[in-house]
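Open your viewer and get ready to click through some residues and helices. At each stop you will be told what to select and what to look for.

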Amino acid sequence: MRAAVVHEIGQGKLEVHDDVEAVGFGPGKVRIRIRATGLCHSDLSAMNGVLPQPAPFVPGHEGAGEILEAGDGVTGLAPGDRVLMCWLPACGGCPACRRGQSHLCLAGFMNAGTPNFRRQGGDVFGFAGTGTFTEEVVVDAGCAVPIPDDVPFDIAALIGCGVTTGLGAAINTAEVETGSSVAVIGCGGVGISAIQGAKVRGAAQIVAVDPVESRREAALRFGATEAVSPDGLADTKQRITAGEGFDYVFEVVGRSATARTAYETTRRGGTLCVVGAGAMDDHLQLNMFELFFDEKRILPSMYGGGDVLRSYERATALWRAGRIDLAGLITHRVPLAGINDAVAQMRSGEALRTCVEL
C-alpha cells in the first residue's frame, strides 16, 4: 500500500512509497482505511525535530476513515464503521484518567515507540503512535472513535485534532468569559479554532495576530473583530485596552518569543493560554517578581484541555448548528502523491488546513 515516509529527522520532503505494510494487527487492534487526513503543524515539527519522534516514520495524526478489520476483544467497532483517529486515547485507569484529566493520559504515547508499518528495509513508525499519511493503519481500538453518518471524513479529521485543540483551549482551559477581550497569536487552523471558541463563549473583542495577510483576512471571516500583524499588536493593545492588556491571550505558535509577547500582552490578573507545541530546549523566561506581582494565570492547553470524546461531540454539535465553520478551514486539497505541496503550503502560511484525500 502507499504511504508518505520521513526517513530521517530534518528531511524536508516526504517520499511516497507503494511497498509499505501496516503491521501489528491482533487482539485489541483495528485496521483503518484512511479516507481523509489533515496536515497539522505538529507533523512538520516532528519532521524537523522540534517534537521527539523516532524515524523513519509516517507523519499524520489528524485522520478519518473506515474500519476494515477489528481484532479479538474489540467491542463497539465493526468493519464498515466510520471513525476518526484519536491520537491520544485514554486508558481509563491511570491516575490522570481517574482525576478526570483523561487528556493527560500517557498510555497513548507508549505506542509511539512501537512500529506501525514495515518496508523491505525495516520497521517504520507512525507519528504519535498513529500515522495517517497512508492508505491503511493499524492502531489500538481506543484510537478509533465512531462518527455520525452526516459528518464527512474531511470534517471528522479536523475534529480529531486541530479543531478540538483550538476550541478546547478557549472553552475548556481558559473558559473565556462573556464580554471579555481576547488576542490570538498565530492564526493557522488551531488559532482560527481558538477564535471560533472565543466567539462561541461570547468574547466582545477578538484580535487575531499573524504575519501572513491571508490568515489575518481569514480570521475576520471566522469571528475575529480585527486582525493585525505582530508589529501592530502593541498599538492595538493600547487602543482596545487602554494599555492594560487583554483578558485572555492565546499563544498558538509554540515559541518562547511569542509566548513572552503573549505574556506582556495579557493584563494583570488575566490569562495566558499556551496552545502551541514547542521544543524542549526553547525556554520561556519570567522573573520571579513579575510572576508574583502581576498574578497572571499561565495555562497550558494540551489537546483542548478536556475529555476529548466529549470535545468531539461538542464540536460536532456546534458544527451542525452552524455555530462554527469547519469546512472553511480546509483551504487546499491534495492527493497523497501531492503531500509535499501540502507541506509547502503549511510552511508558507498559505494554508489554514490542507486535506489529503485518499
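In which strand is G122 found? Select G122 and you will land in strand β9, which covers residues 122-126. Keep in mind as you go that this is a predicted model. With a relative accessibility of 27%, G122 counts as partly exposed.

**Stop 1: an unusual peptide bond**

Stay with G122 and add P56 to your selection. Along the chain they are 66 residues apart, and their C-alpha atoms are separated by 9.2 Å. P56 sits in the loop between α1 and β5 (57-58). Now show A55 as well: a cis peptide bond joins A55 and P56, with omega at about 0°. As background, most peptide bonds are trans.

**Stop 2: α1 and α11**

Next, colour helix α1 (residues 41-48) and helix α11 (residues 339-348). Their axes come within 10 Å and cross at roughly 100°. An angle from 65 to 115 degrees counts as roughly perpendicular, so that is the relation of α1 to α11. To see the contact, show the side chains of H41, L44 and M47 on α1, then V343, M346 and R347 on α11. Sorted by class, the residues of this contact of α1 with α11 are four nonpolar, one polar and one charged.

**Stop 3: L158 and its neighbours**

Move on to helix α3, residues 153-159, and pick out L158. Is L158 buried or exposed? Its relative accessibility is 3%, so L158 counts as buried. Leaving aside residues up to four places away in sequence, L158 touches E62, V163, T164, L326, L329, I330 and R353. Try selecting A327 too: it is 169 residues from L158 along the chain, yet the C-alpha atoms of the two are separated by 9.3 Å.

**Stop 4: α4 and α10**

Two of the residues you just displayed, V163 and T164, lead to the next stop, as they are in α4. Colour helix α4 (residues 162-173) together with helix α10 (residues 308-320). How do their axes cross? They come within 10 Å and cross at roughly 95°, and α4 and α10 are therefore roughly perpendicular to each other. On the α4 side, show V163, T164, L167, G168, I171 and N172; on the α10 side, show S311, Y312, R314 and A315. The residues of the contact of α4 with α10 divide into five nonpolar, four polar and one charged.

Before leaving, follow the chain from α4 into the loop that runs to β12 (181-185), where E175 has its place. The phi of E175 is near 50°, a positive value in a residue other than glycine. As a rule, most residues other than glycine have a negative phi. E175 counts as partly exposed, at 46% relative accessibility.

**Stop 5: aromatic rings**

How many aromatic pairs does a search of the whole structure find? The search finds three, and two of them are on this tour. A pair of aromatic rings is described by the distance of the centres and the angle of the planes.

Select W87 and Y303 for one of these pairs. Their rings are stacked, 4.5 Å centre to centre with 25° between the planes. W87 lies in the loop between β7 (82-85) and α2 (95-98), while Y303 lies in the loop between β17 (297-300) and α10, so the pair ties together parts that are 216 residues apart in sequence. Both W87 and Y303 are buried, and for Y303 the relative accessibility is 2%. Y303 also has a positive phi, about 55°, although it is not a glycine.

Then select F289 and F293. This pair is stacked as well, 5.0 Å centre to centre with 15° between the planes. Both residues lie in helix α9 (residues 288-293), four residues apart, which is about one turn of the helix. F289 counts as exposed at 55% relative accessibility, whereas F293, at 41%, is partly exposed.

**Last stop: charges over rings**

Finish with two places where a charged end sits over a ring. Select R82 and F153: the charged end of R82 is over the ring of F153, 4.5 Å from its centre. Then select K296 and Y263: here the charged end of K296 is over the ring of Y263, 4.3 Å from its centre.

Conventions. Residues are numbered from 1 along each chain as its sequence is written. This is a predicted model: local features need pLDDT of at least 70, side-chain atom pairs count only at pLDDT 80 or more; totals for chains, interfaces and linings use all residues. Side-chain values use heavy atoms; hydrogens and water are left out. Axes are lines fitted to C-alpha atoms, for helices over the stretch in contact, and angles run from 0 to 180 degrees between N-to-C directions. Angles under 35 degrees count as roughly parallel, over 145 as roughly antiparallel, 65 to 115 as roughly perpendicular and the rest as oblique. Contact means heavy atoms within 4.5 Å. Ala, Val, Leu, Ile, Met, Phe, Trp, Tyr, Cys and Pro count as nonpolar, Asp, Glu, Lys and Arg as charged, and the others, Gly among them, as polar. Rings of Phe, Tyr and Trp (its six-membered ring) pair if their centres lie within 6.5 Å; planes under 30 degrees apart count as stacked, over 60 as edge-to-face and the rest as tilted. Buried means under 20% relative accessible area, exposed over 50%, partly exposed in between (1.4 Å probe, protein chains only). A charge sits over a ring if NZ of Lys or CZ of Arg is within 6 Å of the ring centre and within 35 degrees of the ring normal.
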